[in-house]
Amino acid sequence: MNAPVLYMVRAWVSPAGGDRYLQWLETKHMAEVIREPGFLWARRCRLEQTDHQGWAGYLLIYGLQSRAALEAYLNSAARQQFWRELEPLNDVHYAERFYGTVDFAVDQAATNRA
């Protein structure tokens, strides 16, 4: 899962109807995002925490080749289309988005050599 830039979405999903959002992620959205230029992979993690309403938490993590690829995506027509597709799902989810450049990493192989 190496990538120099990470784009992350922490999403909260309602127990009543949130399956619509999860289905959209699994069958459409995540596959479409990684087809955008510069995306390398995508992962969805189920969080152990819930929000104050008892909604389930998920972390979507996307690996990108560069900050330029991320900037291009953030300003793309595809992203605007994804926002439109999300509108009917606003009652069953909400999310926070953040991104950054990996500036330090440790892997098991490196620590085993020390």
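**Salt bridges, helix faces and one cavity**

Let me begin inside helix H2, which spans residues 67–74, where Glu71 and Arg67 stand four residues apart and are therefore separated by about one helical turn. The general point behind this is that an α-helix has 3.6 residues a turn, so residues three or four places apart point the same way. In this model, which is a predicted one, the side chains of Glu71 and Arg67 meet in a salt bridge, with N and O 2.8 Å apart. As for their surroundings, Glu71 counts as partly exposed at 29% relative accessibility, and Arg67 also counts as partly exposed, at 40%. A further group of charged residues, Lys28, Glu32 and Glu85, is joined into one network by salt bridges that share partners.

Before I go on with the pairs, let me place them in the overall fold. The chain has four helices and four strands, and these follow one another along the sequence in the pattern β-α-β-β-α-α-β-α. Taken along the principal axes, the C-alpha atoms fill a box of roughly 50 × 35 × 20 Å. Of the 114 residues, 41% count as buried. If we consider the contacts with a separation of 6 or more, 75% of them are made by residues 24 or more positions apart.

Returning to the charged pairs, how many salt bridges does a search of the whole structure find? The search finds six. In one of them, Glu96 pairs with Arg10, and the closest N and O atoms are 2.8 Å apart. This pair links distant parts of the chain, since Glu96 belongs to strand S4 (residues 93–101) and Arg10 to strand S1, with their positions 86 residues apart. Both partners are partly exposed, Glu96 with a relative accessible area of 35% and Arg10 with one of 32%.

Another salt bridge is formed by the side chains of Asp91 and Arg20, at 3.0 Å from N to O. Because Asp91 lies in the loop between H3 and S4 while Arg20 lies in helix H1, this pair ties together parts that are 71 residues apart in sequence. Here the partners fall into separate classes of exposure: Asp91 counts as exposed at 53% relative accessibility, whereas Arg20, with a relative accessible area of 38%, is partly exposed.

Now to the helix faces. In H2, the buried residues are Ala69, Leu70, Tyr73 and Leu74. They cover an arc of only 135° around the axis, which means that they sit on the same side of H2. The elements that cover these buried residues include S1, H1, strand S2 (39–50), S3, H3 and S4.

In H3, the buried residues are Ala78, Arg79, Phe82, Glu85 and Leu86. Seen down the axis of H3, they fall within an arc of 115°, so they line one face of the helix. Their cover includes S1, H1, H2 and S4. I would ask you to keep Glu85 in mind here, as this buried residue of H3 is also part of the network with Lys28 and Glu32.

Finally, the interior. One cavity of 30 Å³ or more is found in the whole structure, and its volume is about 160 Å³. It is lined by 15 residues, and those nearest its centre are Tyr7, His29, Tyr73, Leu86 and Arg97. Two or more lining residues come from each of strand S1 (5–13), helix H1 (19–34), strand S3 (56–64) and helix H3 (77–86). Which element gives the largest share of the lining? That element is H1, with five residues. By character, the lining divides into 12 nonpolar residues, one polar and two charged.

I will close with His29, one of the residues nearest the centre of the cavity, which has its place in helix H1. Is His29 buried or exposed? With a relative accessible area of 8%, His29 is buried, the cut-off for that class being under 20%. Once its neighbours within four places in sequence are left aside, His29 is in contact with Trp24, Tyr62, Tyr73 and Phe82. Two of these partners have appeared already, for Tyr73 is among the buried residues of H2, and Phe82 is among those of H3.

Definitions and conventions
Residues are numbered from 1 along each chain as its sequence is written. This is a predicted model: local features need pLDDT of at least 70, side-chain atom pairs count only at pLDDT 80 or more; totals for chains, interfaces and linings use all residues. Side-chain values use heavy atoms; hydrogens and water are left out. On a 1 Å grid over the protein atoms alone, a cavity is a set of points where a 1.4 Å probe fits but cannot get out, and a pocket is an open set with protein on both sides within 12 Å along at least five of seven lines; lining residues have an atom within 4 Å of a point. Grid points are joined across faces, edges and corners, and a volume is the space filled by probe spheres set on the points. Ala, Val, Leu, Ile, Met, Phe, Trp, Tyr, Cys and Pro count as nonpolar, Asp, Glu, Lys and Arg as charged, and the others, Gly among them, as polar. A salt bridge is a side-chain nitrogen of Lys or Arg within 4 Å of a carboxyl oxygen of Asp or Glu. Buried means under 20% relative accessible area, exposed over 50%, partly exposed in between (1.4 Å probe, protein chains only). The arc is that of the directions from the helix axis to the C-beta atoms. Contact means heavy atoms within 4.5 Å.
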